[in-house]
Amino acid sequence: MLDVVTGGAGFIGSHLTRALLKSGREVRVVDDLSTGSLENLNGLKTSFNETYEFVELDIRDTEGLKRVLDGAEIVYHQAAIPSVQRSIENPLRSNHVNVGGTLNVLAVGHEVGVRKVVYASSSSVYGDSESLPKIEAMEARPLSPYAVSKFAGELYGRTLSRIHRFPTVGLRYFNVFGPRQNPASRYAAVIPKFITRMLAGQPPVIYGDGEQSRDFTYVEDVVNANLLAADSDASGGSVNVGSGERYTLNRLVGLLNEILGTTFEPLYEEPRLGDVRHSLAGIDVAESELGYFPEIGFREGLERTVDWIEPLSH
Ligand SMILES: NC(=O)c1ccc[n+]([C@@H]2O[C@H](COP(=O)([O-])OP(=O)(O)OC[C@H]3O[C@@H](n4cnc5c(N)ncnc54)[C@H](O)[C@@H]3O)[C@@H](O)[C@H]2O)c1
């Protein structure tokens with residue numbers, strides 16, 4: 001059966017695409033290559049000649065989407081303009097792609113008879129919740145245009161689920177990391193950014209006092225959650241996907257120093273607007289509704305990520 005991965009040339013989408021192909025599914029990747037790259041899909045044309053297809057397309061193109069979603073069983077909707085900072089600099093663009101594009105995927109998916117849409121949402125929808133862990137029953141309190149856009153995508157999914165009995169589920173990813181997460185972009189996430197700087201002999205830069213904490217989730221666990229969500233009865237709601245543990249940025253630097261054999265002290269700069277202070281996923285719903293259990297420990301995930309970035313830095 002055919003699955004479509006939107007944003008499949010990106011970090012998470014490329015891992016998901018590989019996992020689906022390896023499990024014997026046919027996969028069509030849909031991506032406009034705005035933040036993703038064909039390099040992330042290297043080797044797939046050769047290894048999965050019969051079952052893999054790449055289509056360059058903007059998810060806002062309704063007619064194009066009708067063609068590429070036709071015949072698909074599951075749509076794993078990963079395409080978005082990621083990053084809080086990008087959305088602060090250009091909120092309209094984030095809105096157009098993340099809200100308009102998501103509605104397009106949902107509406108066209110329903111129209112052409114897709115069985116289910118699994119949507120990549122974000123822990124950022126919680127904003128600064130008063131207590132930890134963040135659980136699905138809490139009110140969403142977005143702090144950035146990005147978080148608003150991800151929450152709006154969830155609401156459209158829920159609404160279409162109710163009106164049309166069209167199965168959709170929103171997975172709220174908590175700080176995903178791992179190989180192929182772009183370390184070079186100005187908008188790079190904290191882990192690839194720190195590793196790249198430290199490998200280049202420079203101290204990592206922390207915005208704030210470094211005591212802010214995050215639930216860092218290894219990409220393989222996120223892929224697994226997607227596969228479980230597609231097979232589960234979960235529909236019309238949102239489910240946290242995290243590790244269930246949190247680490248401060250100071251502790252992250254300590255762990256990276258241990259792995260790299262370095263002794264860097266971070267440089268501290270002013271906190272950034274739109275960043276949340278603490279983040280920790282409550283994963284009971286993921287366990288009970290999806291059968292999801294995180295499998296890769298933080299240190300192991302960091303070691304694998306360093307192993308991927310290290311050769312690039314030479
Ligand atoms: N990485 C994280 O920590 C994290 C956390 C929470 C949620 N998410 C969500 O997970 C998804 C994947 O994120 P990622 O980290 O892999 O980012 P990424 O930038 O590597 O992947 C996003 C992909 O979407 C594609 N894309 C962007 N706009 C598009 C458009 N208009 N049409 C078609 N394709 C388009 C990009 O080219 C890219 O390949 C996103 O929806 C993001 O919001 C990521």
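# Reading a predicted model, step by step

Analyst: Let's start with one residue: Gly237 sits in strand 11, which covers residues 237-241. Keep in mind that this is a predicted model.

User: Is Gly237 buried, exposed or partly exposed, and why?

Analyst: Count the neighbours. A residue is buried if 20 or more other C-beta atoms lie within 10 Å of its own, and exposed if 12 or fewer do. Gly237 has 15 other C-beta atoms within 10 Å, so it is partly exposed.

User: Which residues is Gly237 in contact with, leaving aside its neighbours within four places in sequence?

Analyst: Arg158 and Val169. For a distance in space, take Ile296: it is 59 residues from Gly237 in sequence and 26 Å away, C-alpha to C-alpha.

User: Now the whole chain. How many helices and strands are there?

Analyst: The chain has 11 helices and 13 strands. Its radius of gyration is 19 Å, close to the 20 Å that the globule rule gives for 314 residues, so the chain is as compact as a globular protein of that length. Among contacts with a separation of 6 or more, 80% join residues 24 or more positions apart.

User: What share of the residues is buried, and which residues have the most contacts inside the largest nonpolar core?

Analyst: Here's the general idea: in soluble globular proteins, nonpolar side chains tend to be buried together. In this chain, 48% of the 314 residues count as buried. The largest nonpolar core has 73 residues, and those with the most contacts inside it include Val75, Val118 and Leu171. Helix 8 (residues 219-231) gives this core its largest share, 8 residues. Apart from it lies another core of 7 residues, with Val125 and Phe151 among them.

User: Which residues is Val75 in contact with, beyond its neighbours within four places in sequence?

Analyst: Val4, Thr6, Leu69, Val105, Gly109, Val114 and Val117.

User: Two of those numbers sound like a helix. Which residues of helix 5 are buried?

Analyst: An α-helix has 3.6 residues a turn, so residues three or four places apart point the same way. In helix 5, the buried residues include Asn98, Gly101, Thr102, Val105, Val108 and Gly109. Helix 5 has 22 residues and reaches 30 Å from its first C-alpha to its last, close to the expected 32 Å. For helix 6 (residues 145-164), 20 residues at 1.5 Å each should span 28 Å, and the end C-alpha atoms are 28 Å apart, which agrees.

User: What is the phi of the residue that follows helix 6?

Analyst: Most residues other than glycine have a negative phi, and most peptide bonds are trans. Arg165, just after helix 6, has a positive phi near 50°. Arg165 lies in the loop between helix 6 and strand 6, and counts as exposed because it has 10 C-beta neighbours inside 10 Å. Ser83 also has a positive phi, about 90°, and lies in the loop between strand 4 and helix 4. As for peptide bonds, the one from Leu132 to Pro133 is cis, with omega near -5°.

User: Last one: which residues come nearest the ligand?

Analyst: Of the 29 residues around the ligand, Gly7, Gly10, Thr35, Gly36 and Ala80 come nearest. Helix 1, helix 5 and strand 5 each give two or more residues to the shell, and helix 1 gives the most, with 3. By class, the shell has 14 nonpolar, 10 polar and 5 charged residues.

Conventions: Residues numbered from 1 in each chain as written. Predicted model: local features only at pLDDT ≥ 70, side-chain atom pairs only at ≥ 80, totals over all residues. Near = placed C-beta within 6 Å. Helix = DSSP H or I, 4+ residues; strand = E, 2+ residues; numbered from the N terminus. Nonpolar A, V, L, I, M, F, W, Y, C, P; charged D, E, K, R; others polar. Rg over C-alpha atoms; globule rule 2.2 N^0.38 Å. Contact = placed C-beta atoms within 7 Å. Core = buried A, V, L, I, M, F, W, Y, C linked by C-beta atoms within 7 Å. Expected span 1.5 Å × (residues − 1).
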